[in-house]
Structures are given as structure tokens and as C-alpha cells.
Amino acid sequence: QVQLVESGGGLVQPGGSLRLSCAASGSILSINTMGWYRQAPGKERELVATINSGGRINYEDSVKGRFTISRDNASNTVYLQMNSLKPEDTAAYYCNAHILSRRFGLWGAYWGQGTQVTVSS
């Protein structure tokens with residue numbers, strides 16, 4: 001089994017910062033792209049940022065210059081540093097990873113359980 005476990009969400013005032021973490025564990029041979037998505041109430045899930053195994057990074061336009069994605073390949077962990085947070089950043093944030101399962105020998109897309117980020121005064 002493969003698991004993604006997220007942490008770091010919470011309540012923060014506008015202009016504040018939060019750091020999300022997501023650790024992958026279990027039957028893992030290799031991890032390609034890791035990323036963060038978010039879903040606000042009544043809206044579809046949207047991409048926030050991704051980083052592939054070679055370090056190539058992609059950001060959604062509204063978070064460029066404010067959010068920074070990074071990863072630690074040794075610990076299979078991806079991070080999202082969120083600065084200058086705005087009320088419109090309020091959403092459930094989900095970790096995603098493309099993982100080659102050691103058990104099944106197949107690539108699959110895995111999701112974390114989600115962590116809530118609320119930006120409010």
C-alpha cells in the first residue's frame with residue numbers, strides 16, 4: 001500500500017504564512033511528479049503547483065511569487081511554502097504523487113486526505 005500523509009494546514013490571517021508537508025510511504029519503487037491541488041467549497045479541484053523528479057516546477061498563475069514548492073527525494077516528501085496568503089486561498093489542499101508501486105510494478109496517481117487552509121481575519 002502507498003500512503004500520502006499531509007500536515008501543516010490551519011487558520012491564518014491575511015498576509016500570513018503556512019507550510020504544508022506531504023510524506024509518501026509504503027510500497028514505493030519510484031516517485032515522479034509530486035504536487036499540490038486545492039478545492040474551495042462549491043468549486044472544482046485545481047492545480048496549485050507541481051514538481052517533477054528532475055526539479056521542474058509549475059505554478060498556477062494566482063500563486064506565482066507567493067507559494068514555493070519543494071521536495072526531499074530522500075524522505076519522499078513534498079512541501080508547499082505559502083506566503084502572503086489571501087482569503088481566496090482558503091480551500092482544502094490535497095497532495096498528489098505519481099508513484100511506481102513496488103508491490104504491483106505499476107505507476108499510479110495517489111492522493112492525500114487533504115488539509116484545510118483558512119485565511120481570515
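This note comments on one strand, its pairing partners, and two individual residues in a predicted model.

1. Strand β8 covers residues 77–82. Five of its six residues are buried, so the strand is largely enclosed by the rest of the structure.

2. Which strands pair with β8? One partner is β3 (residues 18–26), which is joined to β8 by six bridges in an antiparallel arrangement. Within this pairing, R19 stands opposite Q81 of β8.

3. Strand β7 (residues 67–72) is also joined to β8 by six bridges, and these two strands run antiparallel. Here V78 in β8 is the bridge partner of R71. Together, β7 and β8 form a hairpin with four residues between them. The turn contains N76, whose phi is positive, at about 55°.

4. Is T50, a residue of strand β5 (residues 46–51), buried or exposed? The relative accessible area of T50 is 14%, and because buried means under 20%, T50 counts as buried. Not counting residues up to four places away in sequence, T50 touches T33, M34, G35, Y37, R56, I57, N58 and I69.

5. P87 belongs to the loop between β8 and β9 (91–101). Its relative accessibility is 44%, so P87 is classed as partly exposed, a category that lies between the 20% and 50% limits. When neighbours within four places in sequence are left aside, P87 is in contact with P14 and V119.

6. A final point concerns P87 and S121, which are 34 residues apart along the chain. In the model, the C-alpha atoms of P87 and S121 are separated by 8.8 Å.

Note on methods:
Residues numbered from 1 in each chain as written. Predicted model: local features only at pLDDT ≥ 70, side-chain atom pairs only at ≥ 80, totals over all residues. Heavy atoms only, no water. Buried < 20%, exposed > 50% of the residue type's maximum accessible area, 1.4 Å probe, protein only. Contact = heavy atoms within 4.5 Å. Pairing = 2+ DSSP bridges.
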